[in-house]
Each structure stands twice: as structure tokens, then as C-alpha cells.
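Me: Could you take a close look at the ligand site for me, and at a few parts of the protein besides? I would like one connected account, with the cut-offs spelled out.

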Amino acid sequence: MDFDLDQTDALLSTTRAVRKRLDFDREVPDDVLLECLQLAVQAPTGSNQQGWRWMVVRDADKKQALADLYNEAGGEYLASAARDADQASQQGRVIDSANFLAQNLGKVPVLLIPLIIGRLPDNSANAAAGLMGSIMPAMWSFQLALRSRGLGSCLTTLHLGKEQEAADLLGIPDHMTQAGLLPVAYTKGTDFQPAKRDDVAKITYLDTYKNPIRPD
Ligand SMILES: Cc1cc2nc3c(=O)[nH]c(=O)nc-3n(C[C@H](O)[C@H](O)[C@H](O)COP(=O)(O)O)c2cc1C
């Protein structure tokens with residue numbers, strides 16, 4: 001199969017964390033969500049377990065309750081990051097944007113919580129990679145599928161500081177883990193740009209960590 005690399009590369013390089021350009025006023029149909037989720041579950045999972053589940057939250061009171069939990073768990077972090085950041089820098093803009101999302105989360109048409117069956121033991125990188133690695137690729141595929149249809153999202157994790165409270169609110173059983181919270185909306189415009197990233201050749205090594213793949 002010949003892919004159109006201009007299209008696929010544009011999708012991969014311009015799928016951004018969208019916050020300020022989420023359209024709060026345009027409805028997101030279930031059919032669009034399900035189409036994107038159907039693509040997302042083509043993602044890999046450890047031992048092909050496919051333990052993913054997807055919680056769609058549309059109810060206004062529940063969305064506001066999740067927004068409140070997000071701010072209770074992450075508000076202090078966001079406020080201190082805003083105090084410390086140079087407003088003109090890329091990081092300053094990210095923090096400003098993250099604060100905007102925190103203040104407006106309840107207005108986003110859909111809050112999607114990806115779930116994975118299982119709980120993490122303490123201090124096991126293997127278990128952490130296996131559990132989260134079996135849901136994060138699907139979350140990213142979901143975001144790519146949204147982007148290709150004119151919608152956007154932002155992978156967030158701040159509400160997980162109040163994971164139990166969110167589980168109680170949504171009736172999520174104890175044997176499941178929430179992997180984050182994805183606000184989902186159509187985007188205002190679709191002209192997103194690649195982000196500034198370092199040259200990967202500078203952080204890629206050949207055979208040993210002492211050996212940069214492209215020495216200076
Ligand atoms: C594991 C993870 C957790 C994140 N948590 C949050 C979050 O809680 N709130 C938020 O606004 N953005 C969150 N982000 C989004 C990042 O801030 C964002 O990806 C980063 O600033 C780079 O922007 P870009 O994705 O547009 O390149 C998270 C991203 C990742 C990968």
C-alpha cells in the first residue's frame with residue numbers, strides 16, 4: 001500500500017495538545033466518537049489483552065464535577081507553574097493554555113476517560129509499562145483520528161490525583177485504572193503547525209550510550 005506521506009506526516013506532526021481552540025459550542029456526535037474509538041482499538045496491547053474501556057462523559061453536572069476534581073488535584077501545580085514560567089517562552093504559553101483548559105474543562109462537549117482493566121503494584125517499571133503501554137497507544141491513535149476529522153483533544157492526567165473520587169462519580173469499578181482525561185471537541189480552524197523539537201540525531205545513540213549516532 002502506498003501512503004500519501006505528505007498527508008500522514010502532516011497528521012503525525014500537527015496533532016497538538018489543543019486547549020484554547022476547542023469549540024465549546026459545537027456538538028460532538030456519538031457516531032464520530034465511536035468511529036475514532038474503533039480506529040483507536042487497532043493499537044497494540046500487552047499479550048493482546050485489549051483491556052481498554054472508554055467512559056464518555058456528557059452530563060453537565062458530571063463534567064463540572066470532573067473539572068472541579070481536576071482543579072483540586074492540579075490547581076496548585078498549575079498556579080505555581082504560571083508564577084515560575086517566562087510568559088513569552090514555549091513553556092509559558094503551554095502553562096497559560098493549560099490554565100485556560102483547567103478553567104473551562106466543564107464547558108468542553110465531551111470528556112473521555114480511557115480505562116484499562118488492572119491496577120498497578122508499587123515500584124514496578126515492567127508492570128507500569130505493561131498496563132499504561134496497553135492504553136496510551138490507543139489514546140494517541142484516538143487523538144490522531146480526531147485530528148483527521150476536524151476535532152481535537154489534549155492528553156491530560158491532572159485529575160488522576162483524585163482518581164478515586166472520579167471513579168466514585170462515574171461508577172468505575174475498583175479493578176480498573178483511569179489513564180487520563182481527554183477533552184474532545186471540534187477545533188476552531190484546523191491549521192495546526194509542527195512544534196519546535198530538538199534534532200533527534202542529538203539524542204539517538206548507536207550500540208552504546210557513549211556513541212551518538214551522528215557525532216558532531
Ligand atoms: C503524560 C502526559 C500528561 C499530560 N498531562 C496534561 C495535563 O494534565 N494537562 C494539560 O493541560 N496537558 C497535559 N499534557 C499535554 C502536554 O502539556 C503537551 O503534550 C505538551 O505541552 C506538548 O504540547 P504538544 O502536545 O502540542 O506538542 C500531558 C501530556 C502527556 C504526554
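Reply: Happy to; here is the ligand site, followed by one residue in a loop and then two helices.

This is a predicted model, in which local features need pLDDT of at least 70 and side-chain atom pairs count only at pLDDT 80 or more, while totals for chains, interfaces and linings use all residues. Residues are numbered from 1 along each chain as its sequence is written, and side-chain values use heavy atoms, with hydrogens and water left out.

The shell around the ligand has 13 residues, of which Arg16, Ala17, Arg19, Tyr70 and Arg197 come nearest (near: a heavy atom within 4 Å). By class, eight of the shell residues are nonpolar, two polar and three charged (nonpolar: Ala, Val, Leu, Ile, Met, Phe, Trp, Tyr, Cys and Pro; charged: Asp, Glu, Lys and Arg; polar: the others, Gly among them). Helix H4, residues 90-104, supplies the largest share, three residues (helices are DSSP runs of H or I with at least four residues, strands are runs of E with at least two, numbered from the N terminus).

The backbone also takes part. A backbone N or O atom of leucine 155 lies 2.8 Å from a ligand nitrogen, and polar backbone atoms of threonine 157 and leucine 158 are found 3.0 Å and 3.1 Å from a ligand oxygen. On its own the ligand has 620 Å² of accessible area, and the protein covers 64% of that (Shrake-Rupley method, 1.4 Å probe).

Now to threonine 156, which sits in the loop between S3 and helix H7 (163-170). Threonine 156 counts as buried because its relative accessibility is 4% (buried: under 20%; exposed: over 50%; partly exposed in between; 1.4 Å probe, protein chains only). Its side chain reaches the backbone oxygen of leucine 181 at 2.7 Å. Beyond four places in sequence, threonine 156 touches Tyr70, Leu101, Gly180, Leu181 and Pro183 (contact: heavy atoms within 4.5 Å).

Lysine 63, in helix H3 (residues 60-84), is buried too, at 8% relative accessibility. A polar atom of the lysine 63 side chain lies 3.3 Å from the backbone oxygen of proline 109, a residue 46 places away in sequence, with 8.9 Å between the C-alpha atoms.

Finally, helix H2 (residues 30-40) has Val32, Leu33, Cys36, Leu37 and Ala40 as its buried residues. They lie on the same side of H2 because they cover an arc of only 130° around the axis (taken from the directions from the helix axis to the C-beta atoms). The face turned away carries the exposed Asp31, Leu34 and Gln38.

Methods
A polar contact is a pair of N or O atoms within 3.5 Å; within protein, one must be able to donate a hydrogen and the other to accept it, and residues adjacent in sequence count only if both atoms are side-chain atoms.
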